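Colleague: I am new to this structure and would like a close look at a single part. Which element gives the most to the lining of the largest pocket? Please go on from there to the surroundings.

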Amino acid sequence: MSICDKRENVFPHDFAWGAATSAYQIEGGWNADDKGLSIWDTFSHGKGMVFEDQSGDVACNSYTLWEEDLRCIKQLGLTHYRMSLSWSRLLPDGTTRHVNQKGVNYYNKVINDLLAGNVTPVVTLYHFDLPQALQDRGGWTWAGVADAFEAYAVLCFRTFGDRVRLWLTLNEPYVCAKLGHEDGLFAPGVRDPGVSAYRAGHNMLRAHARAWHAYDALFRPEQEGLVSLALNGDWAEPLDPRSPQDVAATERYMAFTLGWFASPVFMTGDYPATMRSQIEARNLAQGFPRDRLPVFVDTEPRVLGTADFFALNYYTSRRVRAVSSPPGTLSFKGDREAEDVLDPSWPVCGVPWLAVVPDGLRKLLKYIKDTCQEPAIYITENGFAQVGAVDLEDSQRGQFYQDTLLEVSKAVREDGVSVRGYFAWSLMDNFEWADGFSVRFGLFHVDFAHPQLTRTMYRSGRDYADIIKRNYSQSAMKK
């Protein structure tokens with residue numbers, strides 16, 4: 001039975017039915033109208049960094065074709081639209097010394113058009129695209145980046161906050177830290193195992209806290225908005241539930257992924273005890289630097305409590321088994337000593353890492369409720385990938401949304417989780433980072449070979465629109 005078959009609607013009347021995008025992945029106009037370089041401009045222009053050396057130079061060309069995106073949003077019947085601002089489009093050198101008015105005008109138009117269409121904007125300040133000028137000073141490993149981010153955030157709150165009520169400071173700091181500073185697979189392409197990821201993650205948390213406190217002190221009384229950060233997380237279970245080693249490894253896996261950023265903000269004000277003790281023990285035993293995992297200090301704005309809701313990006317689940325790291329191995333995985341594997345019973349969509357596990361989302365929602373003081377939760381990304389030949393009649397993806405939202409409804413109805421919204425990734429096919437345009441998550445297909453980059457709704461887009469229409473109309477009737 002689908003969620004649309006139930007007579008009793010489980011989603012609240014003000015539930016956010018949305019889709020998500022990010023600036024670099026859709027906007028194009030990489031050097032248009034005085035925009036500055038971002039780290040993804042630099043990274044994607046390098047050889048061998050992205051699938052077939054593709055880039056987001058044009059992407060979906062949303063900088064020019066915004067009205068086409070708006071048509072897609074209206075066609076789906078979205079109540080909310082999650083977007084991000086390009087830091088380097090607004091501040092070409094990353095600082096407030098020069099504000100690019102053309103960038104301000106673009107985002108003003110996007111926000112105003114959304115509101116005119118009764119669509120609520122949800123705005124992310126940072127979605128992986130750090131200004132290159134700040135990267136040249138050390139990027140997220142430079143302590144001064146927190147000050148630069150605070151100034152950028154204040155500019156955005158002051159400029160757009162009279163119309164934006166839902167803000168996200170950072171998107172997936174785990175991905176930015178680990179893939180960008182440990183593995184070197186994402187911009188800025190740093191490979192510094194066991195060191196830079198922790199430093200980058202720490203500075204992202206410092207930056208987030210400064211932005212939240214600035215909003216709380218300067219803008220909240222008048223604007224009455226909410227601020228959080230979007231954290232990605234897998235659900236994880238022991239490969240062998242009877243093995244104490246696998247059970248402990250699963251706890252470490254959760255601590256080193258979701259807990260890395262959720263614990264300081266929602267739980268204790270510090271990194272998970274499991275994470276800190278594991279790293280400190282390896283530092284002592286292996287002679288590694290003792291300050292690899294930074295410490296939060298009282299002279300900095302507090303991190304604990306700097307989120308007005310929990311924003312979750314969920315894609316998949318994992319089984320976890322214990323592994324031992326070879327002596328002298330300095331790395332994030334070496335610190336974690338937990339290997340994640342796919343359950344062979346799980347179907348995989350598109351890319352090898354993306355196992356389809358809708359009930360894992362329900363379990364993760366319940367876990368967040370139980371460990372993070374029962375926050376209001378927005379699912380800010382969730383999606384199903386397609387590769388190879390384009391299939392506009394993507395029935396599997398449509399079924400995925402049915403199955404996933406049924407699990408979300410169970411979390412609300414049976415587990416008492418306060419889920420306030422759901423955002424499909426993504427509104428349309430776009431530049432999927434290192435995979436370029438080879439992986440497609442869109443509710444709309446974008447023909448990247450066509451000069452006009454035409455948008456065509458997938459069957460899954462029609463299915464999602466039908467879910468929204470039925471649930472939203474039921475909610476309206478009950479009000």
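**The largest pocket and its surroundings**

Modeller: Helix α8 gives the most to the lining of the largest pocket, with 4 residues. Bear in mind throughout that the model is predicted. The space in this pocket comes to about 1,000 Å³. Its lining is made of 35 residues, and those nearest the centre are V175, L179, F186, N232 and W353. Two elements give two or more residues to this lining: α8, which spans residues 173–181, and α14, which spans 332–336. Sorted by class, the lining of the largest pocket has 16 nonpolar, 11 charged and 8 polar residues.

Helix α8 also leads to the barrel. It lies across β3, β4 and β5 (226–232), and its direction makes about 45° with that of β5. The barrel itself is closed by 8 strands, taken in the order β1-β2-β3-β4-β5-β7-β10-β11, and the pairing is parallel. With direction ignored, neighbouring strands of this sheet are turned by 25° against each other on average. Two of the strands under α8 can serve as an example of the pairing: β3 (residues 120–126) and β4 (residues 166–171) run parallel and are joined over 4 bridges. Within that pair, Y126 has L170 of β4 as its bridge partner.

A second helix on the barrel is α12, which lies across β5 and β7 (310–313) and runs at about 155° to β5. Strand β5 therefore has both α8 and α12 lying across it, by the rule that contact means heavy atoms within 4.5 Å.

Helix α12 takes us on to the second largest pocket, where the largest share of the lining, 5 residues, comes from this helix. About 320 Å³ of space lies there. Its lining counts 18 residues, with E251, M254, A255, Y367 and T371 nearest the centre. At least two lining residues come from each of β6, α11, α12 (258–267), α13 (273–286) and α15. By class, 10 of the lining residues of the second largest pocket are nonpolar, 6 are polar and 2 are charged.

Three of the elements just named, β6, α11 and α15, belong to the next part of the picture, which is an open sheet. This sheet has 3 strands in the order β6-β8-β9, and their pairing is mixed. Strands β6 (235–238) and β9 (338–341) stand at its edges, and each has a single partner strand, so one side of each is left without a neighbour in the sheet. From one strand to the next, the twist averages 40°. Between β8 (residues 317–322) and β9 the pairing is antiparallel and runs over 4 bridges. R319 stands opposite V341 of β9. Helix α11 (residues 244–256) packs on this sheet and touches β6, β8 and β9, its direction making about 125° with that of β8. Helix α15 (residues 358–371) lies across β6 and β8, at about 95° to β6.

Open pockets are one kind of empty space; enclosed cavities are another. Rolling a probe the size of a water molecule over the atoms shows where empty space is left. In this model there are 3 cavities of 30 Å³ or more. The largest cavity holds about 80 Å³ of space. It is lined by 13 residues, of which I26, E27, Y81, M83 and Y106 are the closest to its centre. The elements α1 (23–26), α3 (62–76), β2 (80–84) and α5 (101–116) each supply at least two residues of this lining. By class it has 8 nonpolar, 3 polar and 2 charged residues.

The second largest cavity has about 70 Å³ of space. Among the residues that line it are A23, Y24, E27, W30, K35 and D129. Its lining divides into 5 charged, 4 polar and 3 nonpolar residues.

One helix pair remains. The axes of α7 (residues 145–160) and α9 (residues 196–218) come within 8 Å and cross at roughly 35°, and the crossing is right-handed. On the α7 side the residues in contact include V145, F149, A153 and F157, while those on the α9 side include N203, A207, A211 and Y215. By class, this contact has 10 nonpolar, 4 charged and 2 polar residues.

How values were computed: Residues numbered from 1 in each chain as written. Predicted model: local features only at pLDDT ≥ 70, side-chain atom pairs only at ≥ 80, totals over all residues. Heavy atoms only, no water. Axes fitted to C-alpha atoms, helices over the stretch in contact; angles between N-to-C directions. Left-handed = near helix turned anticlockwise from the far one by under 90°. Nonpolar A, V, L, I, M, F, W, Y, C, P; charged D, E, K, R; others polar. Pairing = 2+ DSSP bridges. 1 Å grid on protein atoms, 1.4 Å probe; cavity = no way out; pocket = protein on both sides within 12 Å on 5 of 7 lines; lining within 4 Å. Points joined across faces, edges and corners; volume = space filled by probe spheres on them.
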